[in-house]
Amino acid sequence: MKITVIGGAGVRTVIFINGLLNRYKALNIDKVVLYDINQEKLQIIGKLCTHVINRNHKDLKLETADNPIDAIKDADYVVTTLRVGGDHSRVVDETIALKTGVIGQETTGVGGFSMAVRTIPVLIEYCELIKQYAPNAWIFNFTNPSGLVTQALRNAGYDRIIGICDAPSSTKFRMAKHLNVDEKDLYVEFFGLNHLSWIRSVKKYETEILPDLLKDDEFLKGIQEFSMFDPELLRSIGFLPNEYLYYYYHREKALENILKSGATRGKTIEEVNIRMMDELKSMDMDTDPEGALQIFLYYMAVRENSYMSIETGSDKKEVIEKGNLEVPDGMGYAGVMLDCIEGLQSEEGNYLVLSVQNNGCITGLEDEDVIEVTCKVSKAGIKPVPIGEVPESNYLLIRFIKLYEKLTVQAIKTKSKEKAIQALTLHPLINSYSLAKELVGKYDEAYGGIF
């Protein structure tokens, strides 16, 4: 079976391949094809991936393609992980937002809006090629903002697409580690939207423990995702939040910390990636593939070390030494997709957190609304666990963001500046017609007339 990665020159592809190596035979996968419009970067990433395969003495076949049709043709699974406009577009998005007085973040609020406007038309073109050259392929969308992008593609009629984010699986991993329990013995149930979800049930050996966890300050401070929130807030809402809810629950703190830092997350990532690629381009990767891999791993560690540190005002600077770093197992990035493939091939199935259509899962939402929820994945299909009614405070926030998403999809489809302004006016992180109008105008100008 064949996996195609569109956006294969992304730096996380190396980690994705490493995660795949432990499971490709069991999942009947024998070939991976990487494609990217940046062919120079693709060749560098391709060489790193090949070395990771060789150093592990595996026989997984890896190819790079110079056109999307060759990459897509006869694929069984397609991963979409694009950054239309490159790293600098994220800097532009976040800078415009901050100068206008709102949070600049690539998936949440106006940063996610701008990224979606650039990305969705491109992804629809790729989906048309997939429909023509690999009509039975499952599409795993990692492209941010994942929930909004998946909503747009579903609305456009592509029904074999699943939105994937590694945040929920990473949270569950850290929870299991803290609780000293195997992940398979810990059930964690999510509901909401991508980057706007809550945990409403945690079962250890089938016993509900969420109320006890909410009372446990040591647990709340010991898990990265929860430590940034006021514990009293978590106890009052009765759920454990996705880390991106920090932008909503502690909005002024996030904005103040970003402004105070003098650099956005996007700018930090851009600079790290530039230094990484400059070093890799300057060396002979064919004669020293391990040296090249160690350079890559060093910069990836620097990148991950700064995650959410700007927004939360934390100063978590670990000492990172070049030369003897291990390749991450990739189970955050690759794991969810591979667990999904495993589930689709099995009778017993797996419980996974995915972005899928609601279909009656959360009361009050439309069936076609894409939500992020725990699903049972098996040969019988992908079925969200029934959530039913949710507390009004959660429900109203979900509805606001879902309406914003649907208006954004309409704005992109019709190239309507009016719809775009309506979408941002409704978003809780903007919540102003005058700001929405100003922001749409600035992004339209920055990207040469997107509406």
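This is a short tour of the two domains, their interface and a few salt bridges.

Before you click anything: the model is predicted, so local features are kept at pLDDT of at least 70 and side-chain atom pairs at pLDDT 80 or more, while totals for chains, interfaces and linings use all residues. Residue numbers run from 1 along each chain as its sequence is written, and side-chain values use heavy atoms, with hydrogens and water left out.

**Stop 1: the two domains.** Select 2-167 and colour it as domain 1, then give 400-447 another colour as domain 2. These bounds come from an automatic or database domain assignment. The centres of domain 1 and domain 2, taken over C-alpha atoms, are 25 Å apart.

**Stop 2: the interface.** Now show contacts (heavy atoms within 4.5 Å): 23 residues of domain 1 meet 19 residues of domain 2. The buried area between them is about 1,800 Å², with 77% from carbon and sulfur atoms. That area is the accessible area (1.4 Å probe) that two parts lose on being put together, summed over both.

Looking for salt bridges here? The rule, a side-chain nitrogen of Lys or Arg within 4 Å of a carboxyl oxygen of Asp or Glu, finds zero across the interface of domain 1 and domain 2.

Next, pick out H4 (86-99), H5 (110-133) and H6 (146-155): each supplies at least two residues of the side of domain 1 that touches domain 2. H5 gives the most, with nine residues. Helices (H or I, at least four residues) and strands (E, at least two) are DSSP runs, numbered from the N terminus.

**Stop 3: Lys25 and Asp59.** The whole structure holds 25 salt bridges. Zoom in on Asp59 and Lys25, whose side chains meet at 3.1 Å, N to O. Asp59 sits in the loop between H2 (39-55) and E3 (61-65), and Lys25 in the loop between H1 (13-21) and E2 (31-35), so the pair ties together parts 34 residues apart in sequence. Asp59 is exposed at 52% relative accessibility, and Lys25 is exposed at 55%. For these labels, buried means under 20% relative accessible area, exposed over 50%, and partly exposed in between (1.4 Å probe, protein chains only).

**Stop 4: Arg83 and Glu106.** Select this pair next: the closest N and O atoms of their salt bridge are 2.7 Å apart. Arg83 is partly exposed at 28%, whereas Glu106 is buried at 9%. Add Asp87, Arg90 and Glu94 to the selection, and you have a network of salt bridges that links them with Arg83 and Glu106.
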